[in-house]
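Work through the exercises below with the sequence and the model in view. Each task is followed by its solution.

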Amino acid sequence: MFYSALIDENIVEATCKHLCNRTVIKYKTACNLEITRTIFLVPHKKGFPLATELQRIEVKNASDKARNLSITYMGMFGTGATHAIFEDVTYTNVIMQSAALYNDKGEFIGITPDYYPEEFKQDTRFVSMIVRNGDKKSFPQSFCTDYNDFIGKGTLEHPSGGYNLNNKLNRKGPGFFALGSPFTVEAGKTVVIDTFTGLSSSKDNENYSDAIMCNELENLLSYFEKSEAVEETLNEIINFHENYCKYFEFQTGNKLFDSGFNKNLSFQILYQTFMSRSFCQTQKGYREIGFREIQDMFASMYYFINIGYQEFVRDLLFEWTANVYKMGYANHNFYWVGKQPGLYSDDSLWLLQAYYRYIVYTKDTSVLNEEVPVADGNNEKRAVRDTLKAIIQYSACISVGDHGLPLLDHADWNDCLKIDNNYIDGATKEKLYYEQLKKTNGKYGDRFVSDHSESVMNAFLLKLAIDHLAEIAALDQDAKLTQEMSELSKVIYNRIQEHAWKKNFFARVLLNRYKDGSYTYLGAKGDKLSDDPNIDGVYFLNSFSWSVLSDVATDEQIGIMVDTIKKYLLTKCGLRLISPADLNKLAHDTATGHYFFGDRENGAVFKHASMMAAAALVKAAKKVKDNELAKEMTRIAYFMVDLVLPYKNLENPFQVAGNPRICTQYINTETGENIGPLLSGTATWLNLTLISLAGIEYIKEGISFNPILREEETQLNFVLKAPKCSYKFSISKPAGFARMESSEYELLIDGKKADSAIIPMFTDEKEHTVTLQFK
């Protein structure tokens, strides 16, 4: 953004507030100009562009004389040739030229890039501007599309061509644009400038053509012709988020914590439900949303449902479901077109957790009967329940290794474990599988025979998915499926205990290709892969986390693993993902081959995984019989939470860096520095962990209430909304450790003593009080 008035006059004051759903920047200048800039995204409406950012600039003249000013709004369009960001940046420039936009009256209204290859014309960017001066309204008066002409001998802050735009269209990229307009602001008056930067796309209109963008832009400008429409839209956005946040609100009296959770964190999980890793070019040059990002819905669905968006949540679940193939594997990445089918073997298993949370919360089992397309294409559809069953069959029966546990494939989740150099994707596996059945005269459901490695984390995810499907089936009164899943759960549990528990930890991967027995597993004592002579094996945090979250680990195993974690994974920077390892002995494309130890997946505090571990510690702390073990796990969980809470970065910002409002993903365990990207599952699992610490867990009977406060806390209050009622919770206790498993307490619901800690999900549209007093 360039203001010519600010070039000659010093800014005497500037503030920037990044509110949850908008950014507000304010300037005051020595010449008594007060400038406010508000930035937000326009909600999508039928006939509008697919996405539009609206920036409102208000210039108030607080002096006693009129000021003749000009404004220049500039920026850069993204490229339609996203693949070329990796391969050929020059290509992204020469395949585009700039074009001017005019309305039916012949007025110049903005700029758009014009791509040559037809396929890149399916996503069309644009920029437009309206200057509102009293009752008068005008569009930009000049433009520039050549960055070099605009900058000239100056700089981006002080461009030589900023005052006089050349009104020339540029034959090639990059997609720079600048729109300018002179205006006079009278003494005591305010001029308002609205800019619209957006995208029209064939993804939103199957009959897309060159004229569609023009029509959609015309609809947009017509809608916002009156200044009041901008204010109404912003208020609509603000009201939406205010209502969205009311699902769960802490009332601790700590302003940083309360606003951090109630506003910032809730907004982040809202935003990344749709964006996630694809948002940040600080991580990837170009990336789409991934199948694993359904984890973001684990948290956001409750917020949506409580403001009446249950159908919307169903539709989102169906989008992920439609990226599952008939065989049961899934596309790893997708927005409009799925990619990397069956490459990452954990992908489809996350879907079961999402459906479980949705169905247990809403009791809407009808979702199981909905017909959703399969990713294979051919216009084939099947019921959601059949997709979920196919995922289980693929992961528990077909794509398994020598020990009957799921294959690792290219890699699972985010431990950078690319152990098998001869991995195959789902489509290749499917082809080879049918060849195997033909050759052996086998039946569908037989194991795919290979010597590929097995993922123990996938085994935990599978066990949890099976248990979830059993509970879903019970709610749906499907006794046959409930029985089948209950029996299969026992089989997987026994396989894990027999093959994956290695004296002091669950292994992370079982290795099958070493026929001489030189390496048989990775991730516990005796694996012979440690890179530290003082450590007897390699230890992975996720093996602990998911053994607990899947209800596989016993009390004894949990105690042993916590001791191991404290010895090898717990650092002053938090719970590291992995102890020192030399995975180059196994493969050439692993974390230890990519990063220094202490960075990212090679021994950093990977906050996404650390919050999964915190959630596991909290779950275990609520149920283990050993009170001292429960106390120790609670302390570690709160220690990790405090390292992840974004506003904690303000305590030492220059050393730890990070972002005081948004969860970043890594902490380097050598330097303590927080490293991006900005959007990740860290926010989701922080949200889930804090809600679990407050005691909330949804089960088919209602709310299982089981809080664990900090030892020094004596009081915790929060408000919870449900679809047809609301609750006010109040928890009090003496200083020290207390939990419902081993402490005396009194639980009151609406002033009456409760018979159990299961709180009904009321449907009376009333507010209910829940009071817990530890003695």
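**Exercise 1: a surface residue**

Task: locate Tyr-147 in the secondary structure and classify its exposure.

Solution. Tyr-147 lies in helix α4, residues 147-151, where a helix is a DSSP run of H or I with at least four residues, numbered from the N terminus. The model is predicted, so local features need pLDDT of at least 70 and side-chain atom pairs pLDDT 80 or more, while totals for chains, interfaces and linings use all residues. Residues are numbered from 1 along each chain as its sequence is written, and side-chain values use heavy atoms, without hydrogens and water. The relative accessible area of Tyr-147 is 34%, so Tyr-147 is partly exposed (buried is under 20%, exposed over 50%, partly exposed in between; 1.4 Å probe, protein chains only).

**Exercise 2: salt bridges**

Task: find the partner of Lys-326 and that of Arg-385, then place each pair in the chain.

Solution. A salt bridge puts a side-chain nitrogen of Lys or Arg within 4 Å of a carboxyl oxygen of Asp or Glu. Lys-326 pairs with Glu-380, with 3.0 Å between the closest N and O atoms. This pair links distant parts of the chain, 54 residues apart: Lys-326 is in the loop between α9 and β16, and Glu-380 in the loop between β18 and β19. Arg-385 pairs with Asp-478 at 3.7 Å, N to O. Arg-385 is in helix α11 and Asp-478 in the loop between α13 and α14, 93 residues apart. Arg-385 is buried at 16% relative accessibility, whereas Asp-478 is partly exposed at 22%.

Methods: Helix = DSSP H or I, 4+ residues; strand = E, 2+ residues; numbered from the N terminus.
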